[in-house]
Amino acid sequence: MQLALLLFLLVGTCRADYFFGDLKDWFDKITAPNEYCNREWITLDGKGYGKGLEADLGRYLFGQHIASDVILNAMTGFMNNDNPKKSLVLSFHGRAGTGKSLASQLIVKNIFKKGMDSRFVHFFDSIINFPHASLVETYKSQLQNWIRGNVTNCAHSMFIFDEMDKMHPGIIDGIKPFMDYHYKLDGVSYQKAIFLFLSNGGGEIIRESTLVSWKAGKKREELKLEDLETALSSLGFVYYGESIVVDFFIPFLPLERQHIVQCIMVEMVAMGLQPDHNKACEISDKIVNYIPDDERRISVPGCKRIAGRLWHFMQ
Ligand SMILES: Nc1ncnc2c1ncn2[C@@H]1O[C@H](COP(=O)(O)OP(=O)(O)OP(=O)(O)O)[C@@H](O)[C@H]1O
Ligand SMILES: *[C@@H]1O[C@H](CO)[C@@H](O)[C@H](O)[C@H]1NC(C)=O
Ligand SMILES: [Mg+2]
């Protein structure tokens with residue numbers, strides 16, 4: 001009996017670190033502050049002035065002056081309005097790897113204290129979440145219930161829909177009422193919610209327009225939202241139908257070699273390497289492929305695939 005006790009204590013002391021380590025994790029978990037639906041947890045970078053978002057867009061999102069401007073102004077205006085008439089709906093368009101997901105992450109990071117881990121941020125991907133056309137009605141009512149439930153819990157909920165161009169029109173129809181000018185639907189107000197739609201649709205329209213403006217001797221930075229929005233909103237017509245629920249159609253311009261160089265520099269730092277501009281320029285021609293015969297050297301995968309491929313090209 002005593003021997004067993006001694007043994008138990010011995011094992012116990014040897015394992016004390018583990019034991020108290022676990023205990024500490026558990027304790028941290030139960031005492032960690034919960035996330036609440038209030039200004040302490042949901043506000044544009046603490047003060048509502050958008051300085052953090054502005055800085056992040058400027059620092060991390062390359063070559064997207066239109067998207068950066070529109071996002072910043074839309075977010076600042078909406079988050080500082082105590083009585084918005086409708087939810088904020090932004091539709092991001094552009095080729096793959098041009099920064100749509102990155103931009104949505106920067107928005108989330110600067111509004112929700114818990115960032116992407118916030119329980120008030122809801123992410124859907126049409127291909128993963130709503131894959132079967134035969135189940136449209138099921139998806140639709142499920143999604144309606146989720147949106148209703150979450151907005152009832154927290155008016156400032158955010159919903160991000162990726163691969164919007166692959167979403168079944170029936171599902172889009174089902175969620176449109178939440179984005180429109182309704183004071184309340186079934187007693188719930190959706191006016192403080194934010195909806196972000198991401199899609200590759202319009203990528204070609206945007207590329208054509210940038211090319212036309214470039215050929216007319218304009219600089220990339222001179223391109224304005226107005227130059228592209230008409231074309232994009234006619235595309236939006238196809239997605240969202242007649243009712244105008246989208247506040248801004250935001251173009252993400254195709255990325256050029258200079259932006260690939262910037263993305264390579266970011267990855268060099270991420271890999272713990274010394275950022276080397278000359279080397280980045282040198283490999284920028286090989287690490288991604290460019291649209292053939294395109295004088296502007298538009299990258300086909302945008303800044304995608306750089307992370308995975310960099311090590312090889314650094315050898
Ligand atoms: N404009 C950009 N500025 C800085 N980094 C970028 C930019 N575009 C893409 N990247 C980087 O490239 C990778 C892919 O970008 P992201 O996921 O945002 O592309 P996307 O536009 O959402 O593409 P897809 O349409 O395929 O979803 C990320 O690592 C991101 O940081
Ligand atoms: C909120 O949305 C999530 C999906 O992101 C869903 O699983 C959950 O059930 C919803 N909550 C309510 C209360 O409807
Ligand atoms: Mg994406």
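**The shell around ligand 1 and two loop residues**

In this predicted model, the shell around ligand 1 is made up of 8 nonpolar, 9 polar and 2 charged residues. Altogether 19 residues surround the ligand, and the closest of them are Ala96, Gly99, Lys100, Ser101 and Cys303. When the shell is sorted by the elements that supply it, helix 5, which spans residues 100-111, provides the largest share, with 3 residues. The position of the ligand relative to the domains follows from the same shell: because domain 1 (44-252) and domain 2 (257-314) both contribute residues to it, ligand 1 lies between them.

The backbone deserves a separate look. Most residues other than glycine have a negative phi. Against that background, Asp186 stands out, since this residue is not a glycine and yet has a positive phi of about 50°. Asp186 sits in the loop that runs between helix 8 (169-179) and strand 4 (194-199). Its surroundings hold 7 other C-beta atoms within 10 Å, and because a residue with 12 or fewer such neighbours is classed as exposed, Asp186 is exposed.

Arg305 offers a second case, for its phi is near 75°, which is again a positive value in a residue other than glycine. Arg305 is placed in the loop between helix 12 (277-287) and helix 13 (306-314). Is Arg305 exposed, partly exposed or buried? With 16 C-beta neighbours inside 10 Å, Arg305 counts as partly exposed, because that class lies between the limit of 12 or fewer for exposed residues and that of 20 or more for buried ones.

Conventions
Residues numbered from 1 in each chain as written. Chains lettered and ligands numbered in written order. Predicted model: local features only at pLDDT ≥ 70, side-chain atom pairs only at ≥ 80, totals over all residues. Near = placed C-beta within 6 Å. Helix = DSSP H or I, 4+ residues; strand = E, 2+ residues; numbered from the N terminus. Nonpolar A, V, L, I, M, F, W, Y, C, P; charged D, E, K, R; others polar. Domains from an automatic or database assignment.
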